[in-house]
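Here are a few exercises to try with the model open beside you. Have a go at each one before reading its solution.

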Amino acid sequence: MVKLFEPIKIRDMEIRNRIFIPAMCQYSCENQDGVIGDWHLMHLGARAAGGAGMIIAEASGVTPEGRISPWCPGIWNFEQVAAWARVNLFIHAQGAKSAIQLAHAGRKGSTYRDWSGKGSVPLELGGWQTVSATAEAFDGYEAPRELSTAEVLDLIQDFAKAAKNALLAGFDAVEIHAAHGYLIHQFLSPITNQRTDEFGGPLENRARILLEIIKAIRAEVGDVLPIFVRFSATDYREDGWDVAQTTEVAKWCSELGADLFDISSGGLITGVKIPTGPGYQVPFAEEIARNVSNPVGAVGQITDAHQAENILQAGGVDVILVGRASLRDPNWPLRAAHELSVEIDYWPNQYLRGKFPKDI
């Protein structure tokens, strides 16, 4: 059996295959109001029509100050909900499922997009004062303000409200962004969390913000909506966040109602050596999968159908997240089905005349 095209069930949601499109920032809310438009309909819709099982929409701010850039989307108001609902209607019409990545950028917020500038956006040009677990700046950005304990408690509720908005917008799941050096990762890692309150110090305190977010989301939306968590498995520095801590926190998340872990790496600090290469993050996902009962997703330079299938057949992980390869080819899943000689029944009718013949 070809595992890549086996359905997977998470809570009551059945996903048609094991190919997930990870959250990939587009920086394309041109009015800088967090409301998505036609670009997102095209970008996400094309990958749903291209055969993916799950489409995860990009990091979306749970507050205006939670965005990575002024051009990033949000999920804190009803105008944004209505815009996302339009995209979800199209995704579902193609037979795919959808999730949204609930995010707060913390000290890595208020930045330019690559084609508009570098570093932090000044206040007078639409930027904002960033916040974090720490008052220490990310390299090349303006310094954040350290959040008070009361503000952290408020942010936990912001995530819960955003999850309720996601449900209203028609998303089938939510993903909590606890990776890539953004706010929750800033709390998790001992490198950036030197707090002395209940959110700093030992691992259980540093993980508290994430655990409380999961509890708050479950209280807000009930038991039906699946919750994914994206982790960076390592900071690539000995005194930082690592696979052992990721595994322990993932277990705690599972006990509180998290359903799937999406394992990436890095992003907290600069100046570290990341040994990249095809499938370079897969061993992290496999190690975590050996120690948790939840499904685990692997991501990172997985570009070939046979490579993806071999990872699944090894038995460690449950889903494959295809990122940059899907940017190059929105129909990556359809092509993978052909290359693996799998008959699928969700070719778009509009594409049938171009279906890959069996003899090529």
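**Exercise 1.** Find the helix that holds asparagine 165, then decide whether asparagine 165 is buried or exposed.

*Solution.* Start with the location: in this predicted model, asparagine 165 sits in helix α3, which covers residues 149-168. Next, check the accessibility. Its relative accessible area is 9%, and the cut-off for buried is under 20%, so asparagine 165 counts as buried. Finally, look at what surrounds it: setting aside neighbours within four places in sequence, asparagine 165 touches Ile75, Trp76, Asn77, Phe78 and Val81.

**Exercise 2.** Do the same for isoleucine 56: which strand is it in, and which residues is it in contact with, leaving aside neighbours within four places in sequence?

*Solution.* Isoleucine 56 belongs to strand β4, residues 54-61. With a relative accessible area of 1%, isoleucine 56 is buried. Beyond those sequence neighbours, its contacts include Phe20, Ile21, Pro22, Ala23 and Leu321. For a distance check, go to asparagine 310, 254 residues away along the chain: its C-alpha atom and that of isoleucine 56 are 23 Å apart.

**Exercise 3.** Work out how helices α7 and α8 pack, and at what angle.

*Solution.* Take α7 (residues 243-256) and α8 (residues 282-289): their axes lie 10 Å apart, at an angle of about 45°. That angle makes α7 oblique to α8. The handedness of the crossing is right-handed. Now for who does the touching: α7 supplies Val243, Thr246 and Thr247, while α8 brings Phe284, Glu287 and Ile288. Sorted by type, these contact residues are three nonpolar, two polar and one charged.

Terms used: Residues are numbered from 1 along each chain as its sequence is written. This is a predicted model: local features need pLDDT of at least 70, side-chain atom pairs count only at pLDDT 80 or more; totals for chains, interfaces and linings use all residues. Side-chain values use heavy atoms; hydrogens and water are left out. Axes are lines fitted to C-alpha atoms, for helices over the stretch in contact, and angles run from 0 to 180 degrees between N-to-C directions. Helices (H or I, at least four residues) and strands (E, at least two) are DSSP runs, numbered from the N terminus. Angles under 35 degrees count as roughly parallel, over 145 as roughly antiparallel, 65 to 115 as roughly perpendicular and the rest as oblique. A crossing is left-handed if the near helix is turned anticlockwise from the far one by less than a right angle, and right-handed if clockwise. Contact means heavy atoms within 4.5 Å. Ala, Val, Leu, Ile, Met, Phe, Trp, Tyr, Cys and Pro count as nonpolar, Asp, Glu, Lys and Arg as charged, and the others, Gly among them, as polar. Buried means under 20% relative accessible area, exposed over 50%, partly exposed in between (1.4 Å probe, protein chains only).
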